[in-house]
Amino acid sequence: MEDTRIYGESPKIYHVETREYAIDAYRFEDWIIANIKFNYMLKREDSPELCELIATYIKTHLRRYSRKIIVSGRMPLWFFGALLHEIMHSFSAIAVFDPKLNGGVVVSSHLRSIRPFDLIELPDDLIAQLMQ
């Protein structure tokens, strides 16, 4: 179900919710931000299928908005790493949200203008939405 709302200067462009997770997507400049929330504690043995499902969703539904993505959400590092690996070749640049830095830190880029460790600063109203 596509849902478009405006939150300050940052539009929420997509929302999907299942029993296992919810994904809210926001647009910021030429980036898409995918905020992933899980409804239970992830277990390693259940994670491969869930990771593939979320990666497929991101690649098929969010890539049409932008080829640059910032991924946000509370999850184990091993899940986060596997998810980034799954979507890596579908996007020209990938960053991860770091609330301490108020933005996304680039971890992978196929663009000359964007390098790993670049900081994509996000506005306060969008950070507030990601932190809820």
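Colleague: Is strand β4 (residues 31-38) largely enclosed by the rest of the structure or not, and why?

Modeller: This is a predicted model, in which local features need pLDDT of at least 70, side-chain atom pairs count only at pLDDT 80 or more, and totals for chains, interfaces and linings use all residues. Residues are numbered from 1 along each chain as its sequence is written, and side-chain values use heavy atoms, with hydrogens and water left out. Strands (E, at least two residues) and helices (H or I, at least four) are DSSP runs numbered from the N terminus. Seven of the eight residues of β4 are buried (under 20% relative accessible area, 1.4 Å probe, protein chains only), so β4 is largely enclosed.

Colleague: Which residue in β4 stands opposite Ala-22?

Modeller: Strands pair if DSSP finds at least two bridges between them. Strand β3 (residues 21-28) runs antiparallel to β4, with eight bridges joining them. The residue opposite Ala-22 is Lys-37.

Colleague: How many bridges join β4 to strand β5 (residues 68-73)?

Modeller: Ile-32 of β4 stands opposite Ile-69 in β5. The two strands run parallel, and the number of bridges is five.

Colleague: Are helix α1 and helix α2 parallel or oblique to each other?

Modeller: Two packed helices are described by the angle between their axes and the distance between the axes. The axes of α1 (residues 47-62) and α2 (residues 77-87) come within 9 Å and cross at roughly 45 degrees; axes are lines fitted to C-alpha atoms over the stretch in contact, with angles from 0 to 180 degrees between N-to-C directions. Angles under 35 degrees count as roughly parallel, over 145 as roughly antiparallel, 65 to 115 as roughly perpendicular and the rest as oblique. α1 and α2 are therefore oblique.

Notes. Buried < 20%, exposed > 50% of the residue type's maximum accessible area, 1.4 Å probe, protein only.
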